[in-house]
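Please look over the sequence and the model shown below before reading on. The paragraphs that follow lead through it step by step, beginning in the interior and ending at the surface.

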Amino acid sequence: MKANMKAKVRDILDSYLTTSHHRRTPERYAILDAVYNMPEYFSLADLGAKLEEGNFRVSRATLYNTISLFVELRLVRCHRFKMHTFYEASYNNESKCFQICSMCGKITVLHPLKIDQLIDELKLKRFRKDGFSLCIYGICSTCQAKLTRSRTQKIKKLKLSNKK
């Protein structure tokens, strides 16, 4: 995480914890650092593994509650896809486009500049946009190939059974 951004997100957390009279625990700060060091998007399991790599163990409840707090503070964005829930650091409000396979659940992040430009040019009434997420559902090439092979095998079996 860049030092400047790290200081800003820590300040937001410090301010919230102080004004709401919550404890400033090392777990919260370790989770925050791990979140902002994660690539693109991550699951809670990925985040837990990242913390364990750094020899910092936290309970699943602590992880879940802390992430919920970060979502509330808008430091983390939550994405609920068909089969999974993923999170991403969101302080810089980057917008994302996802390509999601309906069969296997594979997620690919896309970076279409024209969509970013169109969304930026939208005139929204009485609404301040922080960012956006666009999900495109379909079938990935790997699953398409499996479907094609499966269909081909079924056709061959039908032809063989009709010859008998």
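**From the enclosed helix outward**

Eight of the 10 residues of helix 2 are buried, so helix 2 is largely enclosed by the rest of the structure. It should be kept in mind throughout that this is a predicted model. The buried residues of helix 2 are R28, Y29, A30, I31, L32, D33, A34 and V35, and what covers them includes helix 1, helix 3, helix 4, strand 1 and strand 2.

Among these residues, D33 invites a second look, since it takes part in a pairing of charges. Side chains of opposite charge can pair when their charged atoms come close. D33 forms a salt bridge with R10, and the closest N and O atoms of the two are 3.0 Å apart. Because D33 lies in helix 2 and R10 in helix 1, the pair ties together parts that are 23 residues apart in sequence. The two partners can also be described by their accessibility: D33 counts as buried because its relative accessibility is 16%, under the 20% limit, whereas R10, at 26%, counts as partly exposed.

How many salt bridges does the count come to? The count comes to four, and two others can be described beside the one between D33 and R10. In one of them, the side chains of R24 and D14 meet with N and O 3.2 Å apart; this pair links distant parts of the chain, with R24 in the loop between helix 1 and helix 2 and D14 in helix 1, 10 residues apart. R24 itself counts as exposed, at 53% relative accessibility. In another, the side chains of R77 and E88 meet at 3.7 Å, N to O, and here the linked parts are strand 1, which holds R77, and strand 2, which holds E88, 11 residues apart. Both R77 and E88 are buried.

Helix 4, one of the elements that cover helix 2, can be followed in a similar way. Helix 4 has 13 residues, 60-72, which at 1.5 Å a residue should span 18 Å, and its end C-alpha atoms are 18 Å apart, so the expected span and the model agree. Which residues of helix 4 are buried? They are L63, T66, I67, L69 and F70, and because they cover an arc of only 155 degrees around the axis, they lie on the same side of helix 4. An α-helix has 3.6 residues a turn, so residues three or four places apart point the same way. On the other side of helix 4, R60 and E72 are exposed. The buried residues of helix 4 pack against helix 1 (3-19), helix 2 (26-35), helix 3 (44-53), strand 1 (76-80) and strand 2 (85-89).

One of those buried residues, L63, also serves as a reference point for helix 3, where A45 is found. A45 and L63 are 18 residues apart along the chain, and their C-alpha atoms are separated by 9.5 Å. A45 counts as exposed because its relative accessibility is 52%, over the 50% limit.

The loops between these elements hold further details. In the loop between helix 2 and helix 3 lies S43, which is buried, with a relative accessible area of 15%, and which touches T85 and F86 when residues up to four places away in sequence are not counted. Helix 4 is followed by R74, in the loop between helix 4 and strand 1, and the phi of R74 is near 65 degrees, a positive value in a residue other than glycine. R74 counts as partly exposed, at 42% relative accessibility. H21, in the loop between helix 1 and helix 2, likewise is a residue other than glycine with a positive phi, near 60 degrees, and H21 is exposed, with a relative accessible area of 72%.

The last stop is at the surface, where L122, L124 and F127 form a nonpolar patch with about 310 Å² of accessible area together. L124 is found in the loop between helix 5 (113-121) and strand 5 (133-138), and L124 is partly exposed, with a relative accessible area of 38%.

How values were computed:
Residues are numbered from 1 along each chain as its sequence is written. This is a predicted model: local features need pLDDT of at least 70, side-chain atom pairs count only at pLDDT 80 or more; totals for chains, interfaces and linings use all residues. Side-chain values use heavy atoms; hydrogens and water are left out. Helices (H or I, at least four residues) and strands (E, at least two) are DSSP runs, numbered from the N terminus. The expected span of a helix is 1.5 Å times one less than its number of residues. Buried means under 20% relative accessible area, exposed over 50%, partly exposed in between (1.4 Å probe, protein chains only). The arc is that of the directions from the helix axis to the C-beta atoms. Contact means heavy atoms within 4.5 Å. Patches are made of residues with over 30% relative accessible area and no salt bridge: like charges are joined within 9 Å, nonpolar side chains (Val, Leu, Ile, Met, Phe, Trp, Tyr) within 5 Å. Accessible areas come from the Shrake-Rupley method with a 1.4 Å probe; for residues, only the protein chains shown count as cover.
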